[in-house]
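Me: I would like to learn how to read a new structure step by step. Could you walk me through one?

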Amino acid sequence: MRRACLAIVVFAAFAPGGARAQDFSEIKLEQLTKDFTFTEGPAWSQKDGYLIFSDTPGDRLLKWVPGQKIELFRPEAHGPSGNAFDAEGRLYTCETRTRRVTRTDKKGAIETLAEKWEGKRLNAPNDIVVSRNGHAYFTDPAFGWQSDHRELDFYGVYHIPPKGPMKLVARPTGRPNGIALSPNGRILYVVNSDERNVRAYDVDRNGDTSNERVVISGIAGVPGGARVDEKGNLYIAGNGIAIYSPDGKLLHVIEGHARSSNCGFGEADYHTLFITERGSVYRARLDVKGAY
């Protein structure tokens, strides 16, 4: 797997009321790799310093260490989609074919964390986020062929506590996709691909959610994955990467070559935004850190 280096400079004006402390006016995209089928789920291991991403139709997880070539991390990965690491360096993966969420420990042992709700198999877990204190939240929509095998009659957003049974956060009408947490972990954001909006939920000390509300609406295209920077701005994948302030104002759009599926922050200083776009993976250096 060859690493391609293609730099592109993107220029754009600030939206009215845009970020005053950040400069999005010039962003360079570097193409790390290409020629995959459909990439998803970029997740950075802050503990060990490498990137994991999914080639979903190719049924594999890939790994990139800075300065090295892309390598195969796991073959036969069961249609992996979203990924996330916890504070201990364990990898969480949404597997669309087995319709489950797994966790891989540092020795490579794989544990199933979620596969059923009230006795019925999940639809197809899509994206996941893990808080600093170990609470995991994931979305469970159904796209394309996944809709033909559903046992549940709803789309779901779920919470996996460090201890105790899994909990249902929401049953949205449209399909939930990307999911992210605010920098302090007190707000959970869920992107809805059908409704083209983002809903927010307050998170209490026990990891439980309440106070559902729409914070962003009218997103262009079909929004997918989401991440948050240290200032609370949201990065929504879709028609490029749309960046919104915490109060829902569009600040900037990082334009790409095709539809973006997801994004994630990483590298040693957490100033790099990784973007999965069709069969490619890009990275961009920003003047703001990602939220962990």
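Reply: Happy to; we will go from the overall chain to the sheets, and then to single residues. Keep in mind that this is a predicted model.

Me: Let's begin with the whole chain. How many helices and strands does the chain have?

Reply: There are zero helices and 27 strands.

Me: And how do I judge the overall packing? What radius of gyration does the chain have?

Reply: The idea is to compare the value with what a compact globule of that length would give. For 292 residues such a globule would have a radius of gyration near 19 Å, and the chain has 17 Å, which agrees. Along the principal axes, the C-alpha atoms fill a box of roughly 50 × 40 × 35 Å. Of the 292 residues, 56% count as buried. You can also look at contacts with a separation of 6 or more: residues 24 or more positions apart account for 45% of them.

Me: Now the sheets. What holds strands of a sheet together?

Reply: In general, strands of a sheet pair through backbone hydrogen bonds, and the pairing is either parallel or antiparallel. Here, one open sheet has four strands in the order S13-S14-S15-S16, with antiparallel pairing.

Me: Which strands stand at the edges of that sheet?

Reply: Strand S13 (128-130) and strand S16 (167-170) do; each has a single partner strand, so one side of each is left without a neighbour in the sheet. On average, neighbouring strands of this sheet are turned by 25° against each other, direction ignored.

Me: Can we zoom in on one pairing? How many bridges join strand S15 to S16?

Reply: Three bridges join S15 (residues 156-160) to S16, and the two run antiparallel. To find the register, pick a residue and look up its partner: Val-157 is bridged to Ala-170 in S16.

Me: Let me practise on another sheet. What is the strand order in the open sheet that starts with S17?

Reply: The order is S17-S18-S19-S20, four strands with antiparallel pairing. Its edges are strand S17 (176-181) and strand S20 (209-216); each has a single partner strand, so one side of each lacks a neighbour in the sheet. Neighbouring strands in this sheet are turned by 25° on average, direction ignored.

Me: And how many bridges pair strand S19 with S20?

Reply: Five bridges, in the antiparallel sense, with S19 covering residues 197-203. As a register mark, take Asp-202, whose bridge partner in S20 is Ser-210.

Me: Next, aromatic rings. How should I read a pair?

Reply: Look at two numbers, the distance between ring centres and the angle between the planes. The count here comes to eight aromatic pairs. One of them is Tyr-50 with Phe-85, edge-to-face at 5.8 Å centre to centre and 85° between the planes. Tyr-50 lies in strand S4 (residues 50-55) and Phe-85 in strand S7 (residues 80-85), so the pair ties together parts that are 35 residues apart in sequence.

Me: Are these two rings buried or exposed?

Reply: Tyr-50 counts as buried at 12% relative accessibility, and Phe-85 is buried too, at 7%. Tyr-50 has a further partner: Lys-63 lies over the face of its ring, 4.3 Å from the ring centre. Arg-171 lies over the face of Phe-154, at 4.0 Å from the ring centre. There is also an aromatic cluster, formed by Trp-44, Trp-64 and Phe-274.

Me: Finally, how do I read the surroundings of a single residue?

Reply: Ask where the residue sits, how accessible it is, and what it touches. Asp-86 is in the loop between S7 and strand S8 (91-95). Its relative accessibility is 5%, so Asp-86 counts as buried. Beyond its neighbours within four places in sequence, Asp-86 contacts Tyr-92, Arg-103, Val-130 and Tyr-292.

Me: I'll try Ile-243. Which strand holds Ile-243, and what is its relative accessibility?

Reply: Ile-243 is in strand S23 (residues 240-244), and at 0% relative accessibility Ile-243 counts as buried. Leaving out residues up to four places away in sequence, Ile-243 touches, among others, Phe-24, Tyr-235, Leu-251 and Ile-254. The C-alpha atoms of Ile-243 and Val-253 are separated by 6.0 Å, with the two residues 10 apart along the chain.

Notes
Residues numbered from 1 in each chain as written. Predicted model: local features only at pLDDT ≥ 70, side-chain atom pairs only at ≥ 80, totals over all residues. Heavy atoms only, no water. Pairing = 2+ DSSP bridges. Axes fitted to C-alpha atoms, helices over the stretch in contact; angles between N-to-C directions. Phe/Tyr/Trp six-rings, centres within 6.5 Å; stacked < 30°, edge-to-face > 60°. Buried < 20%, exposed > 50% of the residue type's maximum accessible area, 1.4 Å probe, protein only. Lys NZ or Arg CZ within 6 Å of the ring centre and 35° of its normal. Contact = heavy atoms within 4.5 Å. Rg over C-alpha atoms; globule rule 2.2 N^0.38 Å.
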